[in-house]
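Biologist: Could you walk me through this one? I'd like to know what stands behind each label you use.

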Amino acid sequence: MSLGRVFLLSTLLCATLLPAQSEKNVVEIAPGVTLPATGTIYGQDSGLGSASKGPSLLQLHPTEILANTHAGSNFARSMVYSGPHSTIEIGGVSSAATFHTAQAVFYVRLGGDEPELLRNRVKILRLWSVKDRRVVSEFSMNIFGGHRKQQYDEIPASKSDVEGTNWLKLTPQSPLEPGEYGIVFMPKDPNFFADSVYDFNVAGDPAPKKK
């Protein structure tokens, strides 16, 4: 066999094997929708009501938190022997990432040396718009001091590993109501909060916050 023919056969062999190997590493979560090689959190949208004609992935980006100490209102509260409170907020009344389905599911890349810790700490929270911002969490303390108490509106979700990958599938247990949400990696210490929120919203008219 000539050297030219050997080279041709080896080239054809590589052309058939390499695509098969690369396809093996591609994780398809819906027809034509695959998990990307970069990014941390994505949500699967139905495409209904958007420019997309079918299921698609929407990347969520982190928004830095703002700590509001409510200094003025806390002074007034102290006059009636009521304990101080503070809130964790993010700017803007609505996220740029909009889902058009109440059945959105999310994929979280668990990187680093301790993915199991991240798996246990990732949560979906309901956010509430107030003026020009969204409230993520509230801290309160009684008038006599002591430990702070943190409150947030968590959305129950099931977690499952995407086999053969470092992706975690996060599925809300009930359809998401219209409104603002965020995915957060909660710190172990309940007296602290994460430094960013992966915010998104579900299209529609949101219901008022329950008292």
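Biologist: Which residues is Ile 124 in contact with, and what makes them contacts?

Modeller: Leaving aside neighbours within four places in sequence, Ile 124 is in contact with Phe 106, Asp 153, Glu 154, Ile 155, Ala 157, Leu 170, Pro 172, Tyr 181, Gly 182, Ile 183 and Phe 200. They are called contacts because heavy atoms lie within 4.5 Å. Before we go on: this is a predicted model, where local features need pLDDT of at least 70, side-chain atom pairs count only at pLDDT 80 or more, and totals for chains, interfaces and linings use all residues. Residues are numbered from 1 along each chain as its sequence is written, and side-chain values use heavy atoms, with hydrogens and water left out.

Biologist: Where does Ile 124 fit in the largest nonpolar core?

Modeller: That core has 19 residues, and Ile 124 is among those touching the most other members, along with Leu 60, Phe 106, Ile 183 and Phe 200. Two or more residues each come from β9 (105-109), β10 (122-130), β15 (167-172), β16 (179-185) and β17 (196-202). The largest share, three residues, is from β17. Strands here are DSSP runs (E, at least two residues) and helices likewise (H or I, at least four), numbered from the N terminus. A separate second core of 12 residues includes Ile 65, Phe 139, Val 184 and Met 186.

Biologist: What makes a set of residues a nonpolar core?

Modeller: The members are buried Ala, Val, Leu, Ile, Met, Phe, Trp, Tyr and Cys residues, joined through side-chain atoms within 4.5 Å.

Biologist: Why is Asn 201 called buried?

Modeller: Buried means under 20% relative accessible area, exposed means over 50%, and partly exposed is in between (1.4 Å probe, protein chains only). Asn 201 has 6% relative accessibility, so the residue counts as buried. Asn 201 sits in strand β17 and touches Ser 94, Ser 95, Ala 97, Thr 98, Phe 99, Gly 179 and Glu 180, not counting residues up to four places away in sequence.

Biologist: How do you know that Asn 201 makes a polar contact with Thr 98?

Modeller: Their side chains make that contact at 3.2 Å. The rule asks for a pair of N or O atoms within 3.5 Å; within protein, one must be able to donate a hydrogen and the other to accept it, and residues adjacent in sequence count only if both atoms are side-chain atoms.

Biologist: Why is the pair of Phe 185 and Tyr 198 called edge-to-face?

Modeller: Rings of Phe, Tyr and Trp (its six-membered ring) pair if their centres lie within 6.5 Å, and planes under 30 degrees apart count as stacked, over 60 as edge-to-face and the rest as tilted. Phe 185 and Tyr 198 have ring centres 6.4 Å apart and planes at 85°, so the pair is edge-to-face. Phe 185 is in strand β16 and Tyr 198 in strand β17, so the pair ties together parts 13 residues apart in sequence.

Biologist: How many aromatic pairs are there in the whole structure?

Modeller: The search finds six. One of them joins Phe 99 and Phe 106, edge-to-face at 5.5 Å centre to centre with 75° between the planes. Ring pairs link those two with Tyr 181 and Phe 200 into a cluster.

Biologist: What makes Arg 133 and Glu 89 a salt bridge?

Modeller: The term needs a side-chain nitrogen of Lys or Arg within 4 Å of a carboxyl oxygen of Asp or Glu. Here the N to O value is 2.9 Å, so the pair qualifies. Arg 133 lies in strand β11 (residues 133-142) and Glu 89 in strand β7 (residues 85-91), so parts 44 residues apart in sequence are tied together. Glu 89, Asp 132 and Arg 133 are joined into one network by salt bridges that share partners.

Biologist: Arg 119 and Asp 161 form a salt bridge too. Which of these is buried and which exposed?

Modeller: Arg 119 is at 17% relative accessibility, so the residue counts as buried. Asp 161 has a relative accessible area of 54%, so that partner is exposed. Their closest N and O atoms are 3.2 Å apart.

Biologist: And why is Lys 131 called exposed?

Modeller: Because the relative accessibility of Lys 131 is 74%. Lys 131 is in the loop between β10 and β11, with phi near 55°, a positive value in a residue other than glycine.
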